[in-house]
Amino acid sequence: MNDSSKPEFDQYANSYTQLHAANIKASGEEPPYFAAYKAKFMAGKSPTRADAVPLEILDFGCGVGNSIPHLQQAFPKANLNGADLSGESVAVASASHGAIASFKVIDSNNLPYEDASFDLILVACVFHHIPPEQRRHWMAELRRVLKPTGQLFVFEHNILNPLTVKAVNDCPFDEDAILLPRKELLGLAKGASFTRVNAQYVVFFPRPLSALRQLEPLMGWIPFGAQYVVYATP
């Protein structure tokens with residue numbers, strides 16, 4: 001993320017949800033389905049019961065905050081935080097979800113948090129907006145603000161899925177997108193000194209085939225999911 005990307009997402013702050021819904025229409029789902037999917041995945045992989053302790057959670061690249069209600073549902077005792085480069089997006093997020101989360105604008109090359117601040121970090125389809133030469137830096141920043149016992153979850157579009165690639169190419173706010181293969185994201189995590197790094201493909205079936213979604217936990221090795229997730233601990 002750099003300053004050149006800031007006006008783009010400021011421009012889409014008030015129309016982001018509608019544009020996103022139109023872009024994923026072929027899936028038969030609305031944006032909340034995918035936000036809830038990610039939050040539930042995190043809860044399922046977390047070593048601590050979601051309702052057991054007041055975890056500190058960061059949504060990096062939170063945009064207009066659409067993931068926040070779903071993170072609250074999945075982690076009802078968590079302290080929720082969101083950070084984004086787009087000031088207009090953060091303003092929308094604060095207006096909509098300020099009662100349940102705290103938001104900050106990223107106005108420098110560093111996250112506005114102290115070292116080891118968070119138990120869980122969500123990064124939902126953000127890295128493809130970060131210029132390749134800056135990705136290593138931001139992965140290191142995520143590692144810096146994660147607690148030694150914390151977990152990082154990075155969801156990205158699967159470059160091997162042609163329907164996903166078409167959706168990205170057709171999306172107005174993905175004009176700057178440079179998709180990254182799973183191998184690159186795994187390398188970024190390992191290069192930032194994460195020692196336990198895992199990955200799997202996710203989101204396989206559109207709504208008309210939703211009855212088959214119960215099989216998805218067994219299909220993580222198949223490179224046809226619409227997205228993939230890299231999840232790691234220090």
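A salt bridge here is a side-chain nitrogen of Lys or Arg within 4 Å of a carboxyl oxygen of Asp or Glu. The model is predicted.

**Figure 1. D115, E141 and R144 are linked in a network of salt bridges.** R144 and D115 meet through their side chains, at 2.7 Å from N to O. R144 belongs to helix α6. D115 sits in the loop between β3 and β4. The two residues are 29 positions apart, so this salt bridge links distant parts of the chain. R144 is partly exposed, because its relative accessible area is 24%. D115 counts as exposed, at 52% relative accessibility. The cut-off for exposed is over 50%.

**Figure 2. R135 of helix α6 pairs with E184 of helix α8.** The closest N and O atoms of this salt bridge are 2.9 Å apart. Helix α8 covers residues 182-191. In sequence, R135 and E184 are 49 residues apart, and the pair links distant parts of the chain. Is R135 buried or exposed? R135 is buried, because its relative accessible area is 1%. Its partner E184 is partly exposed, at 28% relative accessibility.

**Figure 3. D170 and K166 form a salt bridge within helix α7.** The N to O distance is 2.6 Å. Helix α7 runs over residues 162-170. D170 and K166 are 4 residues apart, about one turn of the helix. D170 counts as partly exposed, with 47% relative accessibility. The count for the structure comes to 5 salt bridges.

**Figure 4. F41, F153, F155 and Y231 form one aromatic cluster.** The whole structure holds 10 aromatic pairs. One of them joins F41 and F153 in an edge-to-face arrangement. Their centres are 6.3 Å apart, with 85° between the planes. F41 lies in helix α3 (residues 31-45) and F153 in strand β5 (residues 146-157), so the pair ties together parts 112 residues apart in sequence. F41 counts as buried, at 11% relative accessibility. F153 is also buried, at 0%. F155 of this cluster has a charged neighbour over its face: K38, at 5.4 Å from the ring centre.

**Figure 5. F204 and F205 form a tilted aromatic pair.** Their ring centres are 6.5 Å apart. The planes meet at 45°, so the pair counts as tilted. F204 is buried, with a relative accessible area of 15%. F205 is buried too, also with 15%.

**Figure 6. R143 places its charged end over the ring of F194.** The distance to the ring centre is 5.8 Å.

**Figure 7. A116 and C125 each have a positive phi without being glycine.** For A116, phi is about 55°. For C125, phi is near 55°. A116 is found in the loop between β3 (101-105) and β4 (118-124). C125 lies in the loop between β4 and α6 (132-145). Which of the labels buried, partly exposed or exposed fits A116? A116 counts as partly exposed, because its relative accessibility is 34%. C125 is buried, with a relative accessible area of 16%. The cut-off for buried is under 20%, so C125 falls within it.

**Figure 8. L209, L212, L215 and L218 form a nonpolar patch on the surface.** Together these leucines have about 360 Å² of accessible area. L209 lies in the loop between β6 (196-202) and β7 (227-233). L209 counts as partly exposed, because its relative accessibility is 41%.

**Figure 9. The whole chain sets the close-ups in context.** The chain has 8 helices and 7 strands. Of its 234 residues, 51% count as buried. Its accessible surface comes to about 11,000 Å². Carbon and sulfur atoms account for 55% of that surface. Among contacts with a separation of 6 or more, 74% come from residues 24 or more positions apart.

Notes: Residues numbered from 1 in each chain as written. Predicted model: local features only at pLDDT ≥ 70, side-chain atom pairs only at ≥ 80, totals over all residues. Heavy atoms only, no water. Patch = residues over 30% accessible without salt bridge, like charges linked within 9 Å, V, L, I, M, F, W, Y side chains within 5 Å. Areas by Shrake-Rupley, 256 points an atom, 1.4 Å probe, with all protein chains shown as cover. Buried < 20%, exposed > 50% of the residue type's maximum accessible area, 1.4 Å probe, protein only. Contact = heavy atoms within 4.5 Å. Phe/Tyr/Trp six-rings, centres within 6.5 Å; stacked < 30°, edge-to-face > 60°. Lys NZ or Arg CZ within 6 Å of the ring centre and 35° of its normal.
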